[in-house]
Amino acid sequence: MANHGFISRTGITTFAEAANACQITLGFGYDTCTFLSALGLLAGGGLPSGKYSIGGAHARVPNTLGPSLGISKHGFFEVDNSISRQDAYFGDQANFQLARWQRLVNITENYGGQFGIDTFAEERVLLYDEAKATNPRFDAGTRWLAVTTAERVFIPRALPNGTDLNNANFQNVAPFYLNETFSREWFRRPTPYSLANTGTDIAALLAASSELTTPGANEGLGNFVPLGTDISDITPAQATCFLASAVFDNTPGFLSPALVDNYATVQAFLSGAVAPLFAGYRCDLNFAKPGPDAGDSTAGVNETCNTLRNGVYQC
Ligand code: HEM
């Protein structure tokens, strides 16, 4: 969105700017876009100013409540099992990985070249099993479930050309990844893609998966500790509530350090700006005060050499 000028090209956006641009450019619903931008702000921004960096920490985002580390900071919005990025444990959760993309493209060949639900069901199980076997700190928690499923259903819903809605093929999807642009002569989808639509698609993605991908975490290799969340037979409304639990979650240890000591401010923002979006779904929205060790002040990516041309970074 920044490359096309729909949000600031400076790398710093705001809660309102990104929520608006997401609707204008990709044709997502008010609810979906407001939710996503709230998650971005909470993950890496300055809550009083509404500003956040779309990469790593930067001086232009005020640290009013503590350090604002940008949305590439791992652990809140940035999770393990991203489509085109490595797990944080391997050292670089932020930069595009061409080999990972190429593996995805190969999987699409089993499904008529489509970046659809079947492709992502296969790819997501592959990444889950791979991380479970190789990443001793694989974290497949509540936000992992919400983000890894949502980002996958977003692709076939946002990126096919709006004139051919059932065609999320290489031509339509590849520019988003390889050059961080829209496809040439691309039109946005005609109807807003809502949180209800997202829940329906996430339920379909999980149902199409060959393996359950049980949420949990590795505490060392060969020691996967399940979280106890049953995702075997979920309804669309329950899947929408998984999205809500990405922010209304009893787990401490997820907030940006900027927000850990400002729980009341966070709670007010969540109650006013986010909870109403989920009012129709009867989600169990509890937000517990984070513990004292919750903040992790490791910064995100650096800000040089980050322009993608055909999948390769340029300085
Ligand atoms: C204000 C709105 C948005 C914000 C703040 C945002 C932020 C993020 C963040 C932090 C990630 C990293 C997640 C991870 O670790 O896997 C991500 C991934 C992703 N987002 Fe967004 N997002 C927004 C809107 C959208 C929209 C509307 C789409 C629709 C195409 C989208 C598509 C994706 C995809 C496909 C990925 C996975 C990238 C990959 O790993 O290959 N996002 N987003």
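Helices and strands are taken here as DSSP runs, a helix having at least four residues and a strand at least two, numbered from the N terminus. In the predicted model examined here, the loop between β3 (51-53) and α3 (98-108) contains N81. Although N81 is not a glycine, its phi is positive, at about 70 degrees. Most residues other than glycine have a negative phi. The relative accessible area of N81 is 0%; because buried denotes a value under 20%, N81 is classed as buried.

A second positive phi, near 50 degrees, occurs at T213, likewise a residue other than glycine. T213 lies in the loop between α7 (195-207) and β5. With a relative accessibility of 2%, T213 also counts as buried.

The strand β5, which bounds the loop holding T213, belongs to an open sheet of three strands. The strand order in this sheet is β4-β5-β6, and the pairing is antiparallel. The edge positions are taken by β4 (139-140) and β6 (224-226). Each of these edge strands has a single partner strand, so one side of each is left without a neighbour in the sheet. Between β4 and β5 (residues 216-218), the antiparallel contact consists of two bridges. Within this pair of strands, D139 is positioned opposite A217 of β5.

Notes. Residues are numbered from 1 along each chain as its sequence is written. This is a predicted model: local features need pLDDT of at least 70, side-chain atom pairs count only at pLDDT 80 or more; totals for chains, interfaces and linings use all residues. Side-chain values use heavy atoms; hydrogens and water are left out. Two strands pair if DSSP finds at least two bridges between them. Buried means under 20% relative accessible area, exposed over 50%, partly exposed in between (1.4 Å probe, protein chains only).
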